[in-house]
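Please find below some comments on the model, arranged as numbered points for discussion.

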Amino acid sequence: MKLRFFLLRHLKAINTIRLILAILFGVMVVLDIILVILGDEFPTFSEVVEHNRSELIWLNFLLSGLIAKVFFNRKVTVKKKEISGFFGFLAMLILLFAIGQIEDLQIEPWLQVLIMFCGGYLGHRVWPQYVFEPEDVQKVLEKQKDESTR
């Protein structure tokens, strides 16, 4: 019920974000198709990702962590210190960057997906959270009560 209320409350912002992401994805796909048609002179996005998969594992980890932080942030009753979670995430980024620089390292797609999920989980668990105040709970309950009486 809380998720439904949150989605309904922020529906306009969510639709705007979806529209922007869809436009960016569409532009990337169209550009990739155009670059493939033009020939071997220009590198395409898919070629860059395929050939630099091992070197860019840190970027995969970072993007999934940022997505988890932005879209799946947690509400907690006690706020943790921001700097400790940030340094934990930064340490993993540096470690993955160093691992990606190894010459003969070949990362399989399943391992890349696993790194992506781990980045999302770490971004969700250790980065700073917003405090869920008691008055926020009261507002949510009042609005749910108003909706149920309609």
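**Notes on the predicted model**

1. The model is a predicted one, and its chain contains seven helices and two strands. Read along the sequence, these elements follow the pattern α-α-α-α-β-α-α-β-α.

2. Of the 150 residues in the chain, 20% are buried, and the area that the chain exposes comes to about 11,600 Å², with carbon and sulfur atoms supplying 69% of it. Among contacts between residues at least 6 apart in sequence, 86% join residues that are at least 24 apart.

3. The largest nonpolar core is made up of eight residues, namely I57, F61, F89, L93, L96, I107, I115 and W127. Two elements, α4 (57–71) and α5 (82–100), each give two or more residues to this core, and α5 gives the most, with three residues. In soluble globular proteins, nonpolar side chains tend to be buried together.

4. Within this core, F61 deserves separate mention. Leaving aside residues up to four places away in sequence, F61 touches F89, M92, L93, L96, I115, C118, G119 and L122; among these contacts, F89, L93, L96 and I115 are also members of the core.

5. Which residues make the nonpolar surface patch of about 710 Å²? The patch is formed by L19, I23, V27, V30, L31, I34, L38 and F42, and one of these residues, I23, lies in helix α2, which covers residues 11–38.

Definitions and conventions
Residues are numbered from 1 along each chain as its sequence is written. This is a predicted model: local features need pLDDT of at least 70, side-chain atom pairs count only at pLDDT 80 or more; totals for chains, interfaces and linings use all residues. Side-chain values use heavy atoms; hydrogens and water are left out. Patches are made of residues with over 30% relative accessible area and no salt bridge: like charges are joined within 9 Å, nonpolar side chains (Val, Leu, Ile, Met, Phe, Trp, Tyr) within 5 Å. Accessible areas come from the Shrake-Rupley method with a 1.4 Å probe; for residues, only the protein chains shown count as cover. A salt bridge is a side-chain nitrogen of Lys or Arg within 4 Å of a carboxyl oxygen of Asp or Glu. Helices (H or I, at least four residues) and strands (E, at least two) are DSSP runs, numbered from the N terminus. A nonpolar core is a set of buried Ala, Val, Leu, Ile, Met, Phe, Trp, Tyr and Cys residues joined through side-chain atoms within 4.5 Å. Buried means under 20% relative accessible area, exposed over 50%, partly exposed in between (1.4 Å probe, protein chains only). Contact means heavy atoms within 4.5 Å.
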